[in-house]
Amino acid sequence: MSKLPNITSSIFSVMSQLANEHSAINLSQGFPNFPEDERLIQICERIIRENIHQYTPMAGLPSLLEKIANQTLKQYGRKVNTTTEILITAGATQGVFTAINTFVNQGDEVLILDPSYDSYEPSVLVAGGRPVRVSLNDDYTPNFNRIENAITAKTKMIVINNPHNPTGRIWTENDFEALETILEKHQQVLILGDEVYEYITFSQPHISFNSRAKLASKTIIASSFGKSLHVTGWKVGYLIASEKLMNEMKKVHQFLVFSVNSFSQHAISAYLEVVDFNEVSKMYQRKRDLFQNLIKKSRFEVMPCDGTYFQVVNYNAISSKNDIDFAKELIINHGVASIPISVFYNDATDRKMLRFCFAKTDETLIAAAQKLCVI
């Protein structure tokens, strides 16, 4: 009997395969197609022959844990203990799975805010929990009346993705204060903060759960070097949580992966000595601005993008087709691949929205925009 009977091929695989079949420009999947930083390549070339290829400690390479602690203090003002409050994971997805399967038991409820990234619900189902999907507002900001009304005595966790994939929106100070007020009345609820795009924000600054003292004891924060350093294939992320929560997650992590790729940890540790996360944000803002300016001449309506490397557009002025069919038509007839937003909703809410990834070379974005502007 399947634990995930309704899970089929992901929309990312479907759209990428269709893009390959029709030689379309692939702006669907969220990975960069530009070269890595030459300094990182040089680090890799330098350390490949060093004695770094055996297991690291289960929680992570000590030098990398120290770098994470220093960056967390610098960025968010939070002092974390490298021994007891940080865990290196095989990508943020494994970190999310570990957190959910550590704390969610049979019958527990987990709130997931729609539209939502597709790994959350399967992780809850494997743990025996019940996903409770709560829709965001039409502008993709959080609806706290819906959130509070969805909390019951069975609610164990709420998953909050900020900056938000797929919409590119980020939470404000008022949003965090509203959540803190709600959770004061529901002390049993844990928070899983998916912050993998934390270093890709633009005019509005990212507010991390790391900076929320009222929530520190009940929050698990998932971060991603793959996203922040545009090396998604390395699959290296990390969790930050209080010692009490981390102790339990380490028990699961130990028998899930034990320890994470040693070479990548050594390379990232060395790279963190030279990389500037502010430059990462500036680079993606330039790409966002380029893509937005290019498609302003099209009939697509450009939606707000506060962070991440995703741009949502509305195509209501172009077609009345549902977003899945229109996304396929866009590939087959016009040569550009995107992701329909309805797939991120439990009830397949279709508001004629598509998600484009702009973590691409300028040449790719220009070529894609030329196609989009003639539709």
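This text walks through a predicted model, from a four-stranded sheet to a pocket, the cysteines and two single residues.

Start with the sheet. Four strands make it up, in the order β9-β10-β13-β12. The sheet is open, and its pairing is antiparallel. Strands of a sheet pair through backbone hydrogen bonds, either parallel or antiparallel. β9 (301-302) and β12 (339-340) stand at the edges. Each has a single partner strand, so one side of each is left without a neighbour in the sheet.

Now cross the sheet strand by strand. β9 and β10 run antiparallel and are joined by two bridges. V302 has V313 of β10 as its bridge partner. Next come β10 and β13, antiparallel again, with five bridges between them. Here Q311 is bridged to F356 in β13. The last step links β13 (residues 353-357) to β12 through two bridges, also in the antiparallel sense. In this pair, I339 stands opposite R355 of β13. A helix lies against the sheet as well. Helix α11 (residues 277-295) packs on it and touches β9, β10 (310-314) and β13. The direction of α11 makes about 20° with that of β10.

How many residues of β10 are buried? Five of its five are. In a regular strand the side chains alternate between the two faces of the sheet. Both faces of β10 are covered. F310, V312 and N314 are buried on one side. Q311 and V313 are buried on the other.

Turn to the empty space. Rolling a probe the size of a water molecule over the atoms shows where such space is left. The largest pocket has a volume of about 730 Å³. It is lined by 28 residues, of which N6, I7, T8, D118 and V343 are the closest to its centre. Three elements give two or more residues to this lining: α1 (11-21), α5 (120-126) and β4 (130-135). Of the elements, α5 gives the most, with four residues.

The cysteines come next. Where are the disulfides? A search of the whole structure finds zero. A disulfide needs two cysteine sulfur atoms within 2.5 Å. Why does C305 have no bond to C357? C357 holds the closest cysteine sulfur to that of C305, but the distance is 10 Å, which is too far for a bond. C305 is buried, because its relative accessible area is 4% and the limit for that label is under 20%. C373 is in no disulfide either. The nearest cysteine sulfur to C373 is that of C305, 17 Å away. C373 counts as partly exposed, because its relative accessibility is 26%.

Two single residues close the tour. S264 lies in helix α10 (residues 262-271). Is S264 buried or exposed? S264 is buried, because its relative accessible area is 5%. Leaving out residues up to four places away in sequence, S264 touches W234 and V236.

Q370 belongs to helix α13 (residues 362-372). Q370 is exposed, because its relative accessible area is 54% and the label calls for over 50%. Q370 also gives a sense of distance across the model. From Q370 to E109 is 261 residues in sequence. In space, these two residues are 46 Å apart, C-alpha to C-alpha.

Notes:
Residues are numbered from 1 along each chain as its sequence is written. This is a predicted model: local features need pLDDT of at least 70, side-chain atom pairs count only at pLDDT 80 or more; totals for chains, interfaces and linings use all residues. Side-chain values use heavy atoms; hydrogens and water are left out. Buried means under 20% relative accessible area, exposed over 50%, partly exposed in between (1.4 Å probe, protein chains only). Two strands pair if DSSP finds at least two bridges between them. Contact means heavy atoms within 4.5 Å. Axes are lines fitted to C-alpha atoms, for helices over the stretch in contact, and angles run from 0 to 180 degrees between N-to-C directions. On a 1 Å grid over the protein atoms alone, a cavity is a set of points where a 1.4 Å probe fits but cannot get out, and a pocket is an open set with protein on both sides within 12 Å along at least five of seven lines; lining residues have an atom within 4 Å of a point. Grid points are joined across faces, edges and corners, and a volume is the space filled by probe spheres set on the points.
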